[in-house]
Amino acid sequence: MKKPTWCYKKPIIDNLEEIQQELNLELLKYNRGVYNFSRIKSEEVKEQLPLASTLLQDMGLYDRWSHVILVKVENEQWNPHIDCFDWKVNSYSFNIPLKNCENSYTVFYEGNIINEKPQKNKYMRGTDESHRTVDPESLVEICRVDANQPLWINTTIPHTPIVYHKKPRLNACFRFIPEIHDYFDND
Ligand SMILES: [Fe+2]
């Protein structure tokens with residue numbers, strides 16, 4: 001197993017609009033408003049999401065779909081970070097844009113990971129994603145991708161959302177346990 005070096009991939013989803021409608025209808029119920037991250041276990045929502053479930057089944061990932069994180073970015077700057085100190089864990093995010101994702105990007109960087117215990121994130125409900133931030137002095141942007149489309153994000157590379165408007169941006173971020181390194185050809 002090799003650490004992935006690509007920043008993002010663009011999955012093709014034939015029925016994207018229907019899936020977005022379904023996710024908007026069901027997942028927004030879990031938007032707690034004050035939180036930037038609402039973590040929802042797959043068992044809680046599987047049955048309400050037949051289209052998304054079928055998509056994951058077709059991709060061969062349904063059995064390892066563990067949770068979906070409703071991520072809200074609202075007129076704020078987030079520190080570039082990796083999602084987990086151990087690159088083998090929490091390495092990929094399957095993102096589907098839900099609301100106000102136009103004119104926004106996922107930006108990737110090179111930089112020195114700050115090797116200290118992660119601070120407890122008050123916005124993270126019921127989970128410690130063990131993320132690490134990057135020394136701001138060392139940051140160099142390496143690429144960015146329009147976030148208004150479905151994306152696979154390599155969360156082992158420092159990244160952050162950048163939004164050029166003031167509306168709350170919402171994304172559904174599907175995560176997998178055990179991690180799905182075998183799904184990608186990282187060699
Ligand atoms: Fe992240």
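In this predicted model, helix α1 meets helix α3 through E18, I19, E22 and L23 on the α1 side and L51, A52 and L55 on the α3 side. Sorted by type, the residues of this contact come out as 5 nonpolar, no polar and 2 charged. The two helix axes come within 8 Å and cross at roughly 125°. That angle makes α1 oblique to α3, because a crossing counts as roughly perpendicular only from 65 to 115 degrees and as roughly antiparallel only over 145.

Next, a look at α3 itself. The helix covers residues 50-59, and its buried residues are A52, L55 and L56. Viewed down the axis of α3, these buried residues fall within an arc of 95°, so they line one face of the helix. This fits the usual geometry: an α-helix has 3.6 residues a turn, so residues three or four places apart point the same way. The other side of α3 holds P50, Q57 and D58, which are exposed. As for partners, the buried residues of α3 pack against α1, which spans 16-27, and against strand β3, which spans 65-73. Just after α3 comes G60, with a positive phi of about 80°.

The packing around these elements leads on to the core. The largest nonpolar core has 25 residues, and L23, V68, L70, A172, C173 and F174 touch the most other members. Elements that give two or more residues to this core are α1, α3, β3, β5 (92-99), β9 (151-154) and β11 (169-176). Strand β3 supplies the largest share, 6 residues. In general terms, nonpolar side chains tend to be buried together in soluble globular proteins. L23 is a handy residue to follow here, since it turns up both in the α1 contact with α3 and among the core members with the most contacts. Leaving out residues up to four places away in sequence, L23 touches L49, A52, I96, L98 and A172. A52 in that list is one of the buried residues of α3.

The loop that follows α3 deserves a short stop. D63 lies in the loop between α3 and β3 and counts as exposed, because it has 10 C-beta neighbours inside 10 Å, and 12 or fewer is the cut-off for that class. D63 is also paired with a residue far along the chain: D63 and F176 are 113 residues apart in sequence, yet their C-alpha atoms are 8.7 Å apart in space.

That leaves a few backbone oddities. Most residues other than glycine have a negative phi, and most peptide bonds are trans. Two asparagines go against the phi trend: N100 has a phi near 55°, and phi of N103 is near 55° as well. N100 sits in the loop between β5 and β6, the latter spanning 104-110, and N103 is found in the loop between β5 and β6 too. N100 is partly exposed, with 19 other C-beta atoms within 10 Å, where 20 or more would make a residue buried. N103 also counts as partly exposed, with 14 C-beta neighbours inside 10 Å. The peptide bond exception is the one joining I177 and P178, which is cis with an omega of about -5°. P178 is found in the segment after β11, and β11 is one of the strands that give two or more residues to the largest nonpolar core.

How values were computed: Residues are numbered from 1 along each chain as its sequence is written. This is a predicted model: local features need pLDDT of at least 70, side-chain atom pairs count only at pLDDT 80 or more; totals for chains, interfaces and linings use all residues. Helices (H or I, at least four residues) and strands (E, at least two) are DSSP runs, numbered from the N terminus. The arc is that of the directions from the helix axis to the C-beta atoms. Two residues are in contact if their C-beta atoms, placed from the backbone, lie within 7 Å. A nonpolar core is a set of buried Ala, Val, Leu, Ile, Met, Phe, Trp, Tyr and Cys residues joined through C-beta atoms within 7 Å. Axes are lines fitted to C-alpha atoms, for helices over the stretch in contact, and angles run from 0 to 180 degrees between N-to-C directions. Angles under 35 degrees count as roughly parallel, over 145 as roughly antiparallel, 65 to 115 as roughly perpendicular and the rest as oblique. Ala, Val, Leu, Ile, Met, Phe, Trp, Tyr, Cys and Pro count as nonpolar, Asp, Glu, Lys and Arg as charged, and the others, Gly among them, as polar.
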